[in-house]
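Q: Please give a close, connected account of the charged pairs and of one domain contact here. I should also like to know how far the coordinates may be trusted.

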There are 2 protein chains.
Amino acid sequence: MAKRKLRIVPLGGLGEIGKNRMALEYRDDIIVIDAGLMFPKEDMLGIDLVVPDISYLLERRDKIRGIIVTHGHEDHTGALPYLLPQLGVPVYSTRLTHGLISVKLKEHRVLTKAKLKVIQPGQTITLGKFRIEFLHVCHSIPDSTGLIIHTPLGIVVHSGDFKLDHTPVEGTPTDLARLAQLGAQGVLLLFSDSTYVEIPGYTPSERSVGETLDRIIAQAPGRVIIATFASLISRIQQVIDAAAKHQRQVFILGRSMVDSVRMASELGYLVAPPDVLGRLDGLRKLAHDRIVLLTTGSQGEPTSALVRIANRDHPRAHIIPGDTVIVSATPIPGNESLVSRTVDNLFRQGAQVFYDKLEKVHVHGHGSQEELKMMLSLVKPKFFVPIHGEYRHLTLHAQLAQSLGIPQSNTFVIEDGDILDLTPEGGRVVGRVSSGNVYVDGLGVGDIGSVVLRDRRLLSRDGIVVVIMAIDKRRGKIVGRPDIVSRGFIETGETEDLLEQIRDLVVKTLDHGSDHPIEWSFINVKVKETLGRFLYQQTKRRPMILPMAVEV
Amino acid sequence: MAKRKLRIVPLGGLGEIGKNRMALEYRDDIIVIDAGLMFPKEDMLGIDLVVPDISYLLERRDKIRGIIVTHGHEDHTGALPYLLPQLGVPVYSTRLTHGLISVKLKEHRVLTKAKLKVIQPGQTITLGKFRIEFLHVCHSIPDSTGLIIHTPLGIVVHSGDFKLDHTPVEGTPTDLARLAQLGAQGVLLLFSDSTYVEIPGYTPSERSVGETLDRIIAQAPGRVIIATFASLISRIQQVIDAAAKHQRQVFILGRSMVDSVRMASELGYLVAPPDVLGRLDGLRKLAHDRIVLLTTGSQGEPTSALVRIANRDHPRAHIIPGDTVIVSATPIPGNESLVSRTVDNLFRQGAQVFYDKLEKVHVHGHGSQEELKMMLSLVKPKFFVPIHGEYRHLTLHAQLAQSLGIPQSNTFVIEDGDILDLTPEGGRVVGRVSSGNVYVDGLGVGDIGSVVLRDRRLLSRDGIVVVIMAIDKRRGKIVGRPDIVSRGFIETGETEDLLEQIRDLVVKTLDHGSDHPIEWSFINVKVKETLGRFLYQQTKRRPMILPMAVEV
């Protein structure tokens, strides 16, 4: 690598979550910012997790000085259990983030060997040639940070996931003063959160949700059931506050919600007046208008407490007349129909349901256009790289920066795997690194490739037809009639005729009339072709056809 | 059926589209309102179409006096090709709707026997005891109607799909005067469209989109590519008008768009100044800023023109620098990620893209809360049945009616298959009829049941493992080692070891050490159980296991 050059390599994050893993390099020093893990997309059938390809980092393991995690959300921490055992480098984060990472690593039995360091916002650490200061920002989880990275080429600012909340529920507003100070000093490069660049104006304060919750709880005739993200600590705090104000007790349902409330309470991020948090076995003794149930399931997750309640399938809770349900979240793209179905079922059970389309029961944790402009205006960077978002978000964010006067040649829309080399004079994408996906299905890591996914897709469309033929080894001829079994293709009762026709067709296809033995590869191709054509003619379906020969 | 009773049976429509098929009965007369067909939901793997179960109508065929279709959208006409051959009753609709139905029936080769009648808005027909007047309403397709149904019990108003557009692009506003007149006269029952009951305020006029299109086209430096629904005739008209104003020619891409423009032009619903509609082969000769391309693909449909352009996969068109793309639609629930991916790819190809989140490039065709209130206030019905929508929409619409003074006991939230009997005194759900779904996959109708769907779901999750055993017929023992083939389960390269272990396990499982022949049912269950447990332990996956025996 040439001298006096910063190298920027976004490495991970896909889909809705985007680019929450990045390597920043100067000569022989590399720091990694965030270690996110995306949720599987709909079309990745049966895949449990996806982790980024880390071959690029593994090859440069000796140069990596540490991983810096900006906040405790899954899409910034989720890959750590897979990365740490292989990289063995220290991880730096604030206290709540540290707590969440510890829980995660413990679950994966890799906590003991991990080197986790707790940093305070405002504190500075030195990693090789980089001096890194943690900057307090507001987001939908406490203890979120941006980063101020002093490099030999100048100051780099990384926004983290942020919004400019002037009245946050927990802690202080985003540290605008420090950003303005940096802007005055001169900033070489800004990385900034693009998630909500499509939304004009400002993202409302988290506190505005509290007002809605308070009003709905005040008017609710019976129990109130509130579903939200387990990580939304400030939302949970507002639920507790509103419940306390209206002399209600809060009961927690759902494992991740229970864990989250416990952890945040222990670390002091969640404060409940005495006796407000109730134990589930005390629920029956209370009048309905003294009860708030706080649950998981705001994304319609099929095994969550709220969805099981909506389906009358929860062992300990069901809807009773007079219940009010608040879904305090917006559906993550892809979850829309799961959430709608849950709301429908709750109405069907007789609940009154409030959700994002009807009431302001949720606000985003990311800044909208005016906040992104404010970040750009305060920091006044020479160069700009939009991060966190799909390609359209990055493009629009770059255009927003240009509208504020940053020359187009100084903004870089780069995608995962691009290598951007930056000097004080300018930047250039100089190549690409492998940043493909590693699929995790059950216990295996990386043993699912595109073939398996393609097969699952085919199987899910029209099912499978298995053709089993007994082949006379010596004569190379089919013996008797083949067995046909299908799954996911057609109702079995309806198919006797069709099965007979298939048997006839296979026998006819393979009856080549000579004594020359036929080859398996020929049988395989021939049966697939002929049968595929026949079944399509008969049914307009294209099941996967799996011919199998048993030699006898 | 008792005397003096109206019977209301919503029969079809599911998912996002809802209840667009209904039977209205009085003694021995039945009329059917709309014959919709929903698109398959995501979790109906490989299903091409879903049509409603029409057994209820078939059993009462003699009483059915006709089918009335309120407008020409797929979710109101799509089931006609399946229903008409079996019911043989006449279909009544306005002229454009008639044109669209004819095209559809012709495609399905059932046009010749169909009895299609064209009705003018304002015109009245008599079907048995029902006298039906077609009422002009605004919606996203011209020639949309509501229905005024004079019954022996009183007047029934059916809103159709409607909005109250005071400045529609085509035709006149919704006929409010007639509705007010009816309200003064006294209306027994109102059916009204619930699709956008969640949205406060008014749905903007279709004309407001024209202003956005005009502004974007005026400023576009090069070609403009506009994607919208082929049935959105007024949108297409606005594109033509804006193009003509800015001295551009319009070129049509995509089969359904070409067909739609041709049909609407022939019937006079679409008017283009001379030379504005161009032929594709003239495209190359024109300067870029003289070109508008009108395409399908606004829902990210994989084979549509826009998506193929976005993927550089269209034979005749691709993105060139300076192109502006307008996606003039909102994603239908479930299509969000397809649309986002298309927008990303268009940006990636270098286009500037405008879509619903950035600009007012689309308005809905359904009324929002204030319009629904207006309908209720004008018609002043004694009874109210919300239609068109999911359960939450129907519930909210009933609550809206109650907030305007209709007693709760006079509003009925009913679901498909419910039988609502209504007298002037009140209404009651008296039973349910079969209104399950009939799945269409390829050519078959109704031969796909829940077992096939469950299998496809299982197959799509972890694939399939086929175990083929040669069984000695006489001794009832397994001969040799079994063959194992898997699809969609695990990469083949990785599995040699695992396959060997499976073979060992199967042999061991079936080696019962006696000479007593083992039964197939035992083998089947035993192999499934043992292997299922083993594979789950080894891989945490649960593929479908298909044991097969070949007797030798």
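A: In this predicted model, the side chains of Glu59(B) and Arg60(B) meet in a salt bridge, with 3.3 Å from N to O. The term denotes a side-chain nitrogen of Lys or Arg within 4 Å of a carboxyl oxygen of Asp or Glu. Glu59(B) counts as exposed because its relative accessibility is 62%, whereas Arg60(B), at 25%, counts as partly exposed. On this scale, buried is under 20% relative accessible area, exposed is over 50%, and partly exposed lies in between (1.4 Å probe, protein chains only). Another salt bridge joins Glu206(B) to Arg235(B), whose closest N and O atoms are 2.6 Å apart. Over all chains, the rule gives 46 salt bridges.

The domain contact lies in chain A. An automatic or database assignment sets the domain bounds: domain 1 (6-201 + 364-445), domain 2 (207-354) and domain 3 (463-551). The C-alpha centres of domain 1 of chain A and domain 2 of chain A are 32 Å apart. Their contact (heavy atoms within 4.5 Å) draws on 17 residues of domain 1 of chain A and 13 residues of domain 2 of chain A.

Between these two domains of chain A about 1,400 Å² is buried, 62% of it from carbon and sulfur atoms; this is the accessible area (1.4 Å probe) that two parts lose on being put together, summed over both. Of the area that domain 1 of chain A buries against domain 2 of chain A, 36% comes from Arg95(A), Leu96(A) and Val169(A), more than from any other three residues.

Zero salt bridges are found across this interface of domain 1 and domain 2 of chain A. Five residue pairs, both at pLDDT 80 or more, are in polar contact between the two domains of chain A. A polar contact is a pair of N or O atoms within 3.5 Å; within protein, one must be able to donate a hydrogen and the other to accept it, and residues adjacent in sequence count only if both atoms are side-chain atoms.

As for confidence, pLDDT rates each residue from 0 to 100. Chain A has a mean pLDDT of 87, and 88% of its residues reach 70 or more. Over residues 14-18 of chain A the pLDDT is below 50. Where pLDDT is low, the predicted coordinates should not be read in detail. For the complex, the predictor gives an ipTM of 0.78 and a pTM of 0.79.

Residues are numbered from 1 along each chain as its sequence is written, and chains are lettered from A and ligands numbered from 1 in the order in which they are written. Local features need pLDDT of at least 70, side-chain atom pairs count only at pLDDT 80 or more, and totals for chains, interfaces and linings use all residues, while side-chain values use heavy atoms, with hydrogens and water left out.

Definitions and conventions:
pLDDT = per-residue confidence, 0-100.
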